[in-house]
Amino acid sequence: MTGSSQVPPPRQVGVGPWTGPGPDDPRLDPELLAAGDRRNVVDAYRYWRHDAIVADLDTRRHELHVGVENWEHDFNVGSVVRTANAFNVAAFHVVGRRRWNRRGAMVTDRYQHELHHPTVADLLDWAAGQPGDDGSGMPVLGVDNVPGSVPLETYPLPRRCLLLFGQEGPGLSEEARAGAAAVLDIAQFGSTRSMNAGAAAAIAMHAWVRAHVFGQGPGPSGRPT
Ligand SMILES: C[S@@+](CC[C@H](N)C(=O)[O-])C[C@H]1O[C@@H](n2cnc3c(N)ncnc32)[C@H](O)[C@@H]1O
């Protein structure tokens, strides 16, 4: 029967059960091979065990770290984690409340290293103990459009750095702004004061990818390379 009232079957993602002789690869999960793999993973990881995927990602994570400060909107946190996964960042940091509703992350948090810092001071201490590009501590760069912020578009992003995003409403705290090596703003041209925090995080992460994976954007002088 055809007709507009007919509801199409839900579109299935992924692959069904493995057919043919069973592959001999310890990274593959016998249960997924038998039942099919409907996870939201790239094709190269089909049927892989979860821990094997994380181990593989660990061999090629970027030096970029990202963090959120005191976010109340869990869906936005999930959005940042999902983008962080897509760009395979080194780790995701949460300042303040440890627990967040993971639904918005669409399971991508399970492939990401997550570190919790009770306060901004704890995050800054942690970063100071990590190697930066010049061997000293890893800089924390705030991302917010506030007085004194400088354009992300012309800022020479260090390879090893932590981008810290503020929460909807108040944005980055005074403490975070004071402790950051710089606060970077994303150029806006409309009437809104700011964009969605998850969208801003995606733009900032992509600026790092353009600079350090594709060699585009400002060089050490701040001029385009
Ligand atoms: C709602 S905004 C913060 C408030 C904003 N400072 C204001 O004056 O209204 C929440 C977060 O989103 C990010 N964000 C949004 N728009 C941004 C922009 N144009 N530049 C940089 N960060 C932005 C920042 O991380 C910020 O802390």
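Here is a friendly exchange about a predicted model of a protein chain with a ligand.

Biologist: Before we start, what makes a feature usable here, and how are residues numbered?

Modeller: Residues are numbered from 1 along each chain as its sequence is written. As this is a predicted model, local features need pLDDT of at least 70 and side-chain atom pairs count only at pLDDT 80 or more, while totals for chains, interfaces and linings use all residues.

Biologist: How many helices and strands are there, and what makes a stretch a helix or a strand?

Modeller: The protein chain has six helices and seven strands. Both are DSSP runs numbered from the N terminus: H or I over at least four residues for a helix, E over at least two for a strand. In sequence order the pattern reads α-α-β-α-β-β-α-β-β-β-α-β-α.

Biologist: Why is E72 called partly exposed?

Modeller: A residue is buried with 20 or more other C-beta atoms within 10 Å of its own, exposed with 12 or fewer, and partly exposed in between, with C-beta atoms placed from the backbone. E72 has 13 such neighbours, so it counts as partly exposed. You will find E72 in the loop between β1 (65-69) and α3 (74-86).

Biologist: Which residues does E72 contact, beyond its neighbours within four places in sequence?

Modeller: Those are Q167 and E168. Contact means that the two C-beta atoms, placed from the backbone, lie within 7 Å. As for A90, 18 residues from E72 along the chain, their C-alpha atoms are separated by 23 Å.

Biologist: Why is strand β2 described as largely enclosed?

Modeller: Four of the five residues of β2 (residues 91-95) are buried, so the rest of the structure largely encloses this strand. Over the whole protein chain, buried residues make up 31% of the 225 residues.

Biologist: How do you know that β2 pairs with β1 and with β3?

Modeller: Pairing requires at least two bridges found by DSSP between two strands. β1 and β2 are joined by five and run parallel, and β2 is joined to β3 (residues 114-117) by four, again parallel, so both pairs meet the cut-off. V95 of β2 stands opposite E69 and also opposite H117 in β3.

Biologist: What surrounds the ligand?

Modeller: The shell has 17 residues, the closest being G166, G171, S194, A197 and A200; a residue is near if its C-beta atom, placed from the backbone, lies within 6 Å of the molecule.
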